[in-house]
Amino acid sequence: MQIHILASGSTGNAVFVQMGQTKVLIDAGISNRRIEKGLGELGIKVSDIDGILITHEHIDHVKGLEVLTRKYKVPVYTRCRTWKNMNCLDKIPPECIKEIENHISLGGLDIIPFNISHDAADPVGYCIYNKNRKIVIATDFGMVTPAIEKALACADFIVLETNHDIDMLKNGPYPQFLKQRISSSKGHLSNRQAGQVLARIPLKAHTQVMLAHLSQQNNYPALAEETVKNILTHSGLTVDKDIILHRTYPQRTASLVV
Ligand SMILES: [Zn+2]
Ligand SMILES: [Zn+2]
């Protein structure tokens, strides 16, 4: 089982997952060339990918989709309303356009989307199951709902948004409307919210968490990790034993191979 976060943050997101023999990409928010290069460094070709799962239509999640689908004809799955709101829809080859509402089977994987609270048409996170292993992709949401908690429970691997530090956002350079958008219930998750939900949910032993979608203005990897770690430690969990935290980056790959 492998997760490689090729890019993470407001400048673009793309996550490669391999479970068993099945290979999927979650979001294609960086250029096709960067996806080819990032996968190439892992010894993977884009043509090896069984499917692409899109979380929502924001540009930092779909930027590379047009070129990638025209060149490789990979099937792309997302909710119907997300397709309708995607600016590049007309340029995607029709045979690549696939809908996912509640469940698909792809190769040996069961893939179940779950609703998230974000300012997009029908945004989702994904639970990906293979045998008794579970990976959860959960970024781009401003509030933790019961559906999200349920999705995160008892996962082996979680890609979880730690978008901003609340004080850095409050005191930082963004205009007021943008600060409000980010911290709203349909915006992005703070380091503190991420730590609090991890402390609440039922965990498997040695759950691995990749802290993702960091703001470059209002956060940095060491701060996200420290904030989450402090909350987990205060709630009685031992970081590096009960739960293992990993950093991710906007411009370089962060990998987890088990
Ligand atoms: Zn995003
Ligand atoms: Zn978004």
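## The zinc ion (ligand 2)

Donors are N, O and S atoms within 2.8 Å of the metal, and because water is not among the atoms, a site may look incomplete. In this predicted model, the donor residues of the zinc ion (ligand 2) follow the sequence spacing H-x1-H-x59-H. The atoms that coordinate this ion are NE2 of His 56, ND1 of His 58 and NE2 of His 118, at 2.1 to 2.2 Å.

One of these donor residues, His 56, has a relative accessibility of 0% and therefore counts as buried, the cut-off for that term being under 20% relative accessible area.

## The zinc ion (ligand 1)

A distance of 3.5 Å separates the zinc ion (ligand 2) from the zinc ion (ligand 1). The zinc ion (ligand 1) is coordinated at 2.1 to 2.2 Å by Asp 60 (OD), His 61 (NE2), Asp 140 (OD) and His 213 (NE2). The angles that the 4 donor atoms subtend around the zinc ion (ligand 1) run from 92 to 168 degrees, so the arrangement is irregular; four donors would count as tetrahedral if all angles lay between 85 and 135 degrees.

In sequence, the donor residues of the zinc ion (ligand 1) are spaced D-H-x78-D-x72-H. Distant parts of the chain are linked here by the pair His 61, in helix H2, and Asp 140, in the loop between strand E10 (133-138) and H5, which stand 79 residues apart. His 61 is buried, since its relative accessible area is 0%, and Asp 140 likewise counts as buried, because its relative accessibility is 1%.

## Helix H3

Helix H3 spans residues 65-72, and within it Leu 65, Leu 68 and Thr 69 are buried. Viewed down the axis of H3, these buried residues fall within an arc of 90 degrees, and so they line one face of the helix.

The elements covering the buried residues of H3 include helix H1 (32-40) and helix H2 (59-62), together with strands E3 (22-26), E4 (51-53) and E5 (76-78). Just after H3, Lys 73 adopts a positive phi of about 55 degrees.

## Helix H8

In helix H8 (residues 191-200), the buried residues are Asn 191, Ala 194, Gly 195, Val 197 and Leu 198. Seen along the axis of H8, they fall within an arc of 165 degrees, and therefore they line one face of the helix. The partners against which they pack are helices H5 (146-152) and H9 (221-234) and strands E11 (157-161), E12 (207-212) and E13 (243-247).

## Aromatic rings

The structure holds 0 aromatic pairs. The ring of Tyr 249 nevertheless has the charged end of Arg 252 sitting over it, 3.8 Å from the ring centre.

Methods:
Residues are numbered from 1 along each chain as its sequence is written. Chains are lettered from A and ligands numbered from 1 in the order in which they are written. This is a predicted model: local features need pLDDT of at least 70, side-chain atom pairs count only at pLDDT 80 or more; totals for chains, interfaces and linings use all residues. Side-chain values use heavy atoms; hydrogens and water are left out. Rings of Phe, Tyr and Trp (its six-membered ring) pair if their centres lie within 6.5 Å; planes under 30 degrees apart count as stacked, over 60 as edge-to-face and the rest as tilted. A charge sits over a ring if NZ of Lys or CZ of Arg is within 6 Å of the ring centre and within 35 degrees of the ring normal. Buried means under 20% relative accessible area, exposed over 50%, partly exposed in between (1.4 Å probe, protein chains only). Helices (H or I, at least four residues) and strands (E, at least two) are DSSP runs, numbered from the N terminus. The arc is that of the directions from the helix axis to the C-beta atoms. Contact means heavy atoms within 4.5 Å. Donors are N, O and S atoms within 2.8 Å of the metal (3.2 Å for Na, K and Ca); water is not among the atoms, so sites may look incomplete. Four donors count as tetrahedral if all angles lie between 85 and 135 degrees; four count as square planar and six as octahedral if opposite donors are over 155 degrees apart and all others between 65 and 115; anything else is irregular.
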